[in-house]
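Got a helical fold on the screen and want to know where the labels come from? Let's take them one by one.

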Amino acid sequence: MDPHDWVDLYGGQLYAYAFARVRSRMEAEDLVQETFLAALKSSAAFEGRSSEKTWFTAILRNKIVDHSVN
């Protein structure tokens, strides 16, 4: 799991997921950036019991929930 590859591998899919839910390009981009930052901070805890894509999507889903509550 190399953080240098995350944007190329998952950025587009995560952005599409976020945009479909928040309907704002800027907010979707911010949420994806927040997702990558959160993943970077907790990457040592990633045990590989799911795919990286699933892990990122779960983080993003939580970021979207937090965003819509605020």
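What follows is a set of questions and answers on the labels used for this model.

Q: How do you know which residues and values count here?
A: This is a predicted model, so local features need pLDDT of at least 70 and side-chain atom pairs pLDDT 80 or more, while totals for chains, interfaces and linings use all residues. Numbering starts from 1 along each chain as its sequence is written, and side-chain values use heavy atoms, with hydrogens and water left out.

Q: Why is helix 2 called oblique to helix 3?
A: Helix 2 (residues 25-41) and helix 3 (residues 52-69) pack at about 125°, with axes 9 Å apart. Helices here are DSSP runs (H or I, at least four residues), numbered from the N terminus. Axes are lines fitted to C-alpha atoms over the stretch in contact, and angles run from 0 to 180 degrees between N-to-C directions. Under 35 degrees is roughly parallel, over 145 roughly antiparallel, 65 to 115 roughly perpendicular and the rest oblique. The angle of about 125° therefore makes helix 2 oblique to helix 3.

Q: What makes up the contact of helix 2 with helix 3, by class?
A: Residues in contact have heavy atoms within 4.5 Å. In helix 2, Leu31, Thr35 and Phe36 are among those that meet helix 3 residues, including Trp55, Phe56 and Lys63. The residues of this contact divide into 10 nonpolar, 2 polar and 3 charged. For the classes, Ala, Val, Leu, Ile, Met, Phe, Trp, Tyr, Cys and Pro count as nonpolar, Asp, Glu, Lys and Arg as charged, and the others, Gly among them, as polar.

Q: Why is Thr35 called buried or exposed?
A: Buried means under 20% relative accessible area, exposed over 50%, and partly exposed in between (1.4 Å probe, protein chains only). Thr35 comes in at 0%, so Thr35 is buried. Thr35 sits in helix 2, and beyond its neighbours within four places in sequence, Thr35 touches Phe56, Ile59, Leu60 and Lys63.

Q: And what makes Arg23 buried or exposed?
A: Arg23 has 61% relative accessibility, so Arg23 counts as exposed. Arg23 is in the loop between helix 1 and helix 2, and has a positive phi of about 60° although it is not a glycine.

Q: How do you know how to class Pro3, at 37% relative accessibility?
A: That 37% is in between the two cut-offs, so Pro3 is partly exposed. Pro3 is part of helix 1, and its C-alpha is 7.1 Å from that of Leu40, 37 residues apart along the chain.

Q: Why is helix 1 called oblique to helix 2?
A: Their axes come within 8 Å and cross at roughly 135°. That angle makes helix 1 oblique to helix 2. By class, this contact has 15 nonpolar, 1 polar and 3 charged residues.

Q: What makes the largest nonpolar core a core?
A: A nonpolar core is a set of buried Ala, Val, Leu, Ile, Met, Phe, Trp, Tyr and Cys residues joined through side-chain atoms within 4.5 Å. The largest has 16 residues, and Leu14, Trp55 and Phe56 have the most contacts inside it. Helix 1 (3-22), helix 2 and helix 3 each supply at least two residues of this core. Leaving aside neighbours within four places in sequence, Leu14 is in contact with Val32, Phe36, Phe56, Thr57 and Leu60.
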